[in-house]
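Colleague: I am new to this structure, and I would like to go through the words used for it one at a time. Could you set each value against its cut-off before you draw a conclusion?

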Amino acid sequence: MKKLEIVGYKRANLGSKGAKDLRTEALAPCVLYGGKEQVHFAVPMILFRDLLYSADVYEVALNIEGDVYRAILQDAQFHPVNEMILHVDFLEIIDNKAIKIDVPIKIIGNSPGVIKGGKMIQKLRKVTLKGLAENIPDFVTADISGLDLGQTVKVNKLVVEGCEILNPMSNPVATIDIPRALRGKLTA
């Protein structure tokens, strides 16, 4: 996983009024859980740009007034109209304890079906993995180099060392769609 550091400040006032006051100062209310205790803190919203608006998976080093925690992004809530960050949840990474996280899928290879005129459609963008933080990859690769027209690569063909895939094994990852112009020629 890629690494990112975020600096935050402990929150004194918990609750909706305290959170609203933080948002007016361009601070996002956050919580870190999964460890010995929950930590409530606030972070300047600008620091979330790389973390939230990227498909990459990051291990975050949370520096909260000198205390450093290893964590992953668990959830982020946004305002429905203006897309302002309302709240961010982090899960603390504990050594020798498995975590669940969504990792992007990267398609590799050239499909003979695409060369014949088919269209590659990626049905699954992320796969859910369970494993130790050290074993979580930046992305999972799906090879489409053996797919012809109408064929599909499924989750059971993905290989991830040291992690367990939690998605159903029969779910399609990518398929080579037959265009309408070719359908009549193939059946005739």
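Modeller: Let us begin with a cut-off: a residue is called buried under 20% relative accessible area and exposed over 50%, and partly exposed in between. Please keep in mind throughout that this is a predicted model.

Colleague: Why is Val7 called partly exposed?

Modeller: The relative accessible area of Val7 is 35%, and since partly exposed covers what lies between 20% and 50%, Val7 is partly exposed. Val7 sits in strand S1, which spans residues 2-10, and together with Tyr9, Ile46 and Leu47 it makes a nonpolar surface patch of about 360 Å².

Colleague: What makes the contact of Asp67 and Lys10 a salt bridge?

Modeller: A side-chain nitrogen of Lys or Arg has to be within 4 Å of a carboxyl oxygen of Asp or Glu, and for Asp67 and Lys10 the distance from N to O is 3.9 Å, so the pair meets the condition. Because Asp67 belongs to strand S5 and Lys10 to strand S1, this salt bridge ties together parts that are 57 residues apart in sequence. Asp67 counts as partly exposed at 36% relative accessibility, and Lys10 counts as partly exposed at 44%. The structure holds 8 salt bridges.

Colleague: Which salt bridges does Arg70 form, with Glu59 and with Asp95, and how do you know that they count?

Modeller: With Glu59, the closest N and O atoms of Arg70 are 2.9 Å apart, and with Asp95 the closest N and O atoms are likewise 2.9 Å apart; the cut-off is 4 Å, so both pairs qualify. Arg70 lies in strand S5 and Asp95 in the loop between S6 and S7, so that pair ties together parts 25 residues apart in sequence. Lys3, Glu59, Arg70, Asp95 and Glu134 are linked in a network of salt bridges.

Colleague: Is Glu59 buried or exposed, and is Asp95 buried or exposed?

Modeller: Glu59 has a relative accessible area of 9%, and because the limit for buried is under 20%, Glu59 is buried. Asp95 has 54% relative accessibility, and because exposed means over 50%, Asp95 counts as exposed. Arg70, with 28%, is partly exposed.

Colleague: How do you know that the buried residues of helix H1 lie on the same side?

Modeller: In H1, which covers residues 16-24, Gly18, Ala19 and Leu22 are buried. They cover an arc of only 100 degrees around the axis, which puts them on the same side of H1. The face turned away from that buried side carries the exposed residues Ser16, Lys17, Lys20 and Thr24, while the cover over the buried residues includes S2 and strand S3.

Colleague: Why is strand S6 described as mostly covered, and what does S6 pair with?

Modeller: Of the 8 residues in S6, which spans residues 85-92, 6 are buried, and buried means under 20% relative accessible area, so the description rests on that cut-off. S6 pairs with strand S2 in the parallel sense over 4 bridges, where Tyr33 stands opposite Leu91. With strand S5, S6 pairs in the antiparallel sense over 7 bridges, and there Phe78 has Ile85 as its bridge partner. At least two bridges are needed for a pair, so both counts satisfy the rule.

Methods:
Residues numbered from 1 in each chain as written. Predicted model: local features only at pLDDT ≥ 70, side-chain atom pairs only at ≥ 80, totals over all residues. Heavy atoms only, no water. Buried < 20%, exposed > 50% of the residue type's maximum accessible area, 1.4 Å probe, protein only. Helix = DSSP H or I, 4+ residues; strand = E, 2+ residues; numbered from the N terminus. Patch = residues over 30% accessible without salt bridge, like charges linked within 9 Å, V, L, I, M, F, W, Y side chains within 5 Å. Areas by Shrake-Rupley, 256 points an atom, 1.4 Å probe, with all protein chains shown as cover. Arc of directions from axis to C-beta. Contact = heavy atoms within 4.5 Å.
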